[in-house]
Amino acid sequence: MTTHVKPTHLESIAPTDPESNAGASKLVTCIGRTYRFESAHHLPLLPEGHKCKNVHGHNYRVEVVISGVLDARGFVMDFAEIDAEIMPLIRKLDHRLLNEVEGLENPTAEIIASWFFQRIKGCESVRVYETDDCWAEVKISQLS
């Protein structure tokens, strides 16, 4: 059995009551979850002769990052709550022709990432992988 002990160097920067450190910068914690689905698509706005204009498929991987302050349970969000929000989205896309899904008529990786991002509360970022090496990410800008 493993006992989890909060490291002493974190005690001064991670209060259990976020209001107790009102004058300091707010700590934000991020958690992530990865999902997978398989779908086909074609990119209708590409010129004739481009291979991605033809219908083809991918084993997509979606990485979702949620950020926030810890709640009374010590969570940004329970992973089961994230699943309850995201799995219905995954089911809309899995084994489908993405072009037939509302909002994904031109389903580039960038547009798919944005589609997810707009539908997930508290979302910090979404990264969509079409392959192990090709991805697109939508995130909250840190620019002032």
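Before we start: a residue is called buried under 20% relative accessible area, exposed over 50%, and partly exposed in between. Keep in mind that this is a predicted model.

**Exercise 1. Classify E63 and R61, then place them in their surroundings.**

Step 1. Take E63, whose relative accessible area is 25%, so it falls in the partly exposed class.

Step 2. R61 comes out at 18% relative accessibility, which is why it counts as buried.

Step 3. Now check the pair: E63 and R61 form a salt bridge, with the closest N and O atoms 3.4 Å apart.

Step 4. Look across the sheet from E63 and you'll find R127 of β3 standing opposite.

**Exercise 2. Work out the strand order of the sheet and find its edges.**

Step 1. The sheet is open and has four strands, in the order β1-β2-β3-β4, with antiparallel pairing.

Step 2. Which strands stand at the edges? They are β1 and β4 (135-139); each has a single partner strand, so one side of each is left without a neighbour in the sheet.

Step 3. For the twist, ignore direction and average over neighbouring strands: they are turned by 15° against each other.

Step 4. Go through the pairings. β2 and β3 pair in the antiparallel sense over six bridges, while five bridges join β3 to β4, again antiparallel.

Step 5. To pin down the register of that last pair, use S125, whose bridge partner in β4 is K139. The link between β3 and β4 is a hairpin through five residues.

**Exercise 3. Describe how the helices sit on the sheet.**

Step 1. Start with α2: it lies across β1 and β2, and runs at about 15° to β1.

Step 2. Move on to α3, which lies across β1, β2, β3 and β4, running at about 145° to β3.

Step 3. Which residues of α3 are buried? The list is A109, I112, A113, W115 and F116. They cover an arc of only 155° around the axis, which puts them on the same side of α3.

Step 4. A bit of background fits here: an α-helix has 3.6 residues a turn, so residues three or four places apart point the same way.

Step 5. Ask what that buried set packs against, and you get β1, β2, α2, β3 and β4.

**Exercise 4. Take the largest nonpolar core apart.**

Step 1. The largest nonpolar core holds 25 residues, and those with the most contacts inside it are F37, V64, L93, F116, I120, V126 and V128.

Step 2. Assign it to elements: β1 (29-41), β2 (56-68), α2 (79-93), α3 (109-117) and β3 (123-129) each supply at least two of the core's residues. The largest share, five residues, comes from α2.

Step 3. Zoom in on F37. Skip its neighbours within four places in sequence, and its contacts are H58, N59, Y60, V62, I90, L93, D94, L98 and F116.

**Exercise 5. Is the loop residue L104 buried or exposed, and what does it touch?**

Step 1. Locate L104: it is in the loop between α2 and α3.

Step 2. Its relative accessibility is 0%, so L104 counts as buried.

Step 3. Leave out neighbours within four places in sequence, and L104 is in contact with L93, L98, N99, I111, I112 and W115.

Step 4. Pick W115 from that set for a distance check: L104 and W115 are 11 residues apart along the chain, with their C-alpha atoms separated by 7.6 Å.

**Exercise 6. Survey the salt bridges and find a cross-link between elements.**

Step 1. How many salt bridges does a search of the whole structure find? The total is seven.

Step 2. One of them joins R33 and D83, with the closest N and O atoms 2.9 Å apart. R33 lies in strand β1 and D83 in helix α2, so this pair ties together parts that are 50 residues apart in sequence.

Step 3. Check the accessibility of R33: at 32% it counts as partly exposed.

Step 4. Another salt bridge has the side chains of E81 and R73 meeting at 3.1 Å, N to O. E81 is partly exposed with a relative accessible area of 36%, and R73 is also partly exposed, at 45%.

Step 5. Finally, look for shared partners: salt bridges of that kind join R61, E63 and D132 into one network.

Technical notes. Residues numbered from 1 in each chain as written. Predicted model: local features only at pLDDT ≥ 70, side-chain atom pairs only at ≥ 80, totals over all residues. Heavy atoms only, no water. Core = buried A, V, L, I, M, F, W, Y, C linked by side-chain atoms within 4.5 Å. Buried < 20%, exposed > 50% of the residue type's maximum accessible area, 1.4 Å probe, protein only. Contact = heavy atoms within 4.5 Å. Pairing = 2+ DSSP bridges. Axes fitted to C-alpha atoms, helices over the stretch in contact; angles between N-to-C directions. Arc of directions from axis to C-beta. Salt bridge = Lys/Arg side-chain N within 4 Å of Asp/Glu carboxyl O.
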